[in-house]
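Please work through the exercises below with the sequence and the model side by side, and try each task before reading its solution.

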Amino acid sequence: MSYFEWVQNIQNQQWTEDEVNLKLRNKIQKAVHSALEREAAMRQAHPDDPHASLLRTAALTLAIERVSCATLERGVWP
C-alpha cells in the first residue's frame, strides 16, 4: 500500500479505494502465479530434492533474481 501511495504522490493522482484494492489484488495474483510457476519448474528439475518443492524457496529465488537483474541494469554506483 505504501508503494501505491508513493506512486500517487509522484504522479499527483488520487485513486479510489476500489482502484487501489484492484491494483493490489493484481500485483499479489501475479506474484503468487510467478512463485507457483517457479516452484513447479524447480520440482520438475529436481524431483528428489525436498527443498525444490517449497513455495517459499521458489519465491525467494525469484526475489533474488529480480534484485540481481535490477542491479545489473543500473550498474555499479560509486
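The exercises that follow treat a helix pair, an aromatic cluster and several single residues.

The model is predicted, so local features are taken only where pLDDT is at least 70 and side-chain atom pairs only at pLDDT 80 or more, whereas totals for chains, interfaces and linings use all residues. Residues are numbered from 1 along each chain as its sequence is written, and side-chain values use heavy atoms, with hydrogens and water left out.

**Exercise 1. Helix packing**

Determine how helix H2 and helix H3 are oriented towards each other, and which residues make their contact.

Step 1. Helices are DSSP runs of H or I with at least four residues, numbered from the N terminus (strands are runs of E with at least two). H2 covers residues 17-45 and H3 covers residues 55-74.

Step 2. With axes as lines fitted to C-alpha atoms over the stretch in contact, and angles running from 0 to 180 degrees between N-to-C directions, the two helices pack at about 110°, their axes lying 8 Å apart.

Step 3. Angles under 35 degrees count as roughly parallel, over 145 as roughly antiparallel, 65 to 115 as roughly perpendicular and the rest as oblique; H2 and H3 are therefore roughly perpendicular to each other.

Step 4. Taking contact to mean heavy atoms within 4.5 Å, H2 contributes Ser34, Ala35, Leu36, Arg38, Glu39 and Met42, while H3 contributes Leu55, Thr57, Ala58, Ala59, Thr61, Leu62, Glu65 and Arg66.

Step 5. Ala, Val, Leu, Ile, Met, Phe, Trp, Tyr, Cys and Pro count as nonpolar, Asp, Glu, Lys and Arg as charged, and the others, Gly among them, as polar. On that scheme the residues of the contact of H2 with H3 are seven nonpolar, three polar and four charged.

**Exercise 2. Two residues of H2 at the contact**

Work out whether Ser34 is buried or exposed, and which residues Arg38 is in contact with beyond its neighbours within four places in sequence.

Step 1. Buried means under 20% relative accessible area, exposed over 50%, and partly exposed in between, with a 1.4 Å probe and protein chains only. Ser34, found in helix H2, has a relative accessible area of 18% and is therefore buried.

Step 2. Leaving aside neighbours within four places in sequence, Ser34 is in contact with Leu62 and Arg66.

Step 3. Arg38, which also lies in helix H2, is partly exposed at 22% relative accessible area. With neighbours within four places again set aside, Arg38 is in contact with Ala58, Thr61, Leu62 and Glu65.

Step 4. The C-alpha atoms of Arg38 and Ala59 are separated by 7.6 Å, although these residues are 21 apart along the chain.

**Exercise 3. The aromatic cluster**

Identify which residues the ring pairs link into a cluster, and describe the geometry of the pair of Phe4 and Trp15.

Step 1. Rings of Phe, Tyr and Trp (its six-membered ring) pair if their centres lie within 6.5 Å; planes under 30 degrees apart count as stacked, over 60 as edge-to-face and the rest as tilted. The structure holds three aromatic pairs.

Step 2. Phe4 and Trp15 form an edge-to-face pair, 6.0 Å centre to centre and with 65° between the planes. This pair links distant parts of the chain, since Phe4 is in helix H1 (residues 2-11) and Trp15 is in the loop between H1 and H2, 11 residues apart.

Step 3. Phe4 is buried at a relative accessible area of 6%, and Trp15 is buried at 18%.

Step 4. Ring pairs link Tyr3, Phe4, Trp6 and Trp15 into a cluster.

Step 5. The charged end of Lys23 sits over the ring of Trp15, 4.5 Å from its centre; the criterion is NZ of Lys or CZ of Arg within 6 Å of the ring centre and within 35 degrees of the ring normal.
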